[in-house]
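Visitor: I've got a model open and a few things I'd like to ask about it. Could you walk me through it?

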Amino acid sequence: MSQRTLVLLKPDTVRRGLVGEILGRFESKGLSIVAMDLRTIDGETADQHYAEHVERDFYPPLREFVTSGPMVALVLEGDEAIEVVRALNGATDGRKAAPGTIRGDLSLSNRENLVHGSDSAESASREIKIWFPDLG
Ligand code: CMP
């Protein structure tokens, strides 16, 4: 079933010059780019996006990190796009993510893990509305 998912290439991706490498992996897999924007967000937008994490211990430094510079926000589309993107991203902690995944190949951090992908259809719909309200 074709799905849409919200993907963020986080500030570490932009700072490290890895946008092309990571975007290339999604494109090579066959996912289509429906929307794409380079954007620096404020703390309130971070709180909205990460609503389920705002009370967690790791949230304050995560908030600092995701507001520290531009991110590339994307809506990707394709068959089972939500699960496919999460598989390409790999486990949250780059130190534990499997080689061959984006985080497994390119990240050594649990926080600065390069990418975000929606974790369910409900999250995708909620997150797409936050980032790209015109897409519905
Ligand atoms: P993401 O997929 O965007 O979803 C929540 C983010 O919080 C996650 O990627 C990491 O960037 C960050 N994160 C999750 N767990 C931890 C943790 N234990 N310590 C630091 N950062 C975390």
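Guide: Sure, and one definition up front: two residues are in contact if their C-beta atoms, placed from the backbone, lie within 7 Å. Keep in mind that this is a predicted model.

Visitor: With that cut-off, which residues is Thr92 in contact with, leaving aside its neighbours within four places in sequence?
Guide: Thr92 sits in the loop between H5 and H6. It is partly exposed, because 14 other C-beta atoms lie within 10 Å. Once neighbours within four places in sequence are set aside, the contacts of Thr92 are Asn110 and Asn113.

Visitor: And which residues are around the ligand?
Guide: Thr92 is one of them, and so are Asn110 and Asn113. By class, the shell splits into two nonpolar, five polar and one charged. The full list around the ligand is His53, Phe58, Leu62, Thr92, Asn110, Arg111, Asn113 and His116.

Visitor: Which residue does UniProt list for "active site"?
Guide: The entry is an unreviewed one. The residue in question lies in strand E4, residues 115-117, and it is among those around the ligand. UniProt lists His116.

Visitor: Is His116 buried or exposed?
Guide: Leaving aside neighbours within four places in sequence, His116 is in contact with Val7, Leu8 and Lys10. The cut-off for buried is 20 or more other C-beta atoms within 10 Å. His116 has 21, so it counts as buried.

Visitor: Arg86 is under "binding site" in UniProt. Where is it found, and which residues is it in contact with beyond its neighbours within four places in sequence?
Guide: That annotation, from an unreviewed entry, also covers Lys10, Phe58, Thr92, Arg103 and Asn113. Arg86 is partly exposed, because it has 17 other C-beta atoms within 10 Å. It is found in helix H5, and its contacts outside that sequence window are Gly117 and Asp119.

Visitor: On to the largest nonpolar core: which element gives the most to it?
Guide: This core has 25 residues, and Val7, Leu76 and Val115 touch the most other members. The elements giving two or more residues are strand E1 (2-9), helix H2 (19-29), strand E3 (71-79), helix H5 (81-89), helix H6 (102-106) and helix H7 (121-131). With five residues, the top contributor is E3.

Visitor: Why are the buried residues of H7 on the same side of it?
Guide: Those residues are Ala124, Glu127, Ile128 and Trp131. They pack against E1, helix H3 (43-49), E3 and H5. They end up on the same side of H7 because the arc they cover around the axis is only 105°.

Visitor: What about phi of Glu80?
Guide: Most residues other than glycine have a negative phi. Glu80, in the loop between E3 and H5, has a positive one. It counts as exposed, because it has 12 C-beta neighbours inside 10 Å. The phi of Glu80 is near 50°.

Visitor: And Leu114, is it buried or exposed?
Guide: Leu114 is not a glycine either, yet has a positive phi of about 70°. It is found in the loop between H6 and E4. With 25 other C-beta atoms within 10 Å, the verdict for Leu114 is therefore buried.

Visitor: Last one: what separates the C-alpha atoms of Ala97 and Asn110?
Guide: Ala97 is in the loop between H5 and H6, and it is buried because 22 other C-beta atoms lie within 10 Å. Along the chain, Ala97 and Asn110 are 13 residues apart. The separation of their C-alpha atoms is 9.7 Å.

Terms used: Residues are numbered from 1 along each chain as its sequence is written. This is a predicted model: local features need pLDDT of at least 70, side-chain atom pairs count only at pLDDT 80 or more; totals for chains, interfaces and linings use all residues. A residue is near a molecule or strand if its C-beta atom, placed from the backbone, lies within 6 Å of it. Ala, Val, Leu, Ile, Met, Phe, Trp, Tyr, Cys and Pro count as nonpolar, Asp, Glu, Lys and Arg as charged, and the others, Gly among them, as polar. A nonpolar core is a set of buried Ala, Val, Leu, Ile, Met, Phe, Trp, Tyr and Cys residues joined through C-beta atoms within 7 Å. Helices (H or I, at least four residues) and strands (E, at least two) are DSSP runs, numbered from the N terminus. UniProt positions are given in the numbering used here, feature names are shortened, and annotations may be inferred rather than shown by experiment. The arc is that of the directions from the helix axis to the C-beta atoms.
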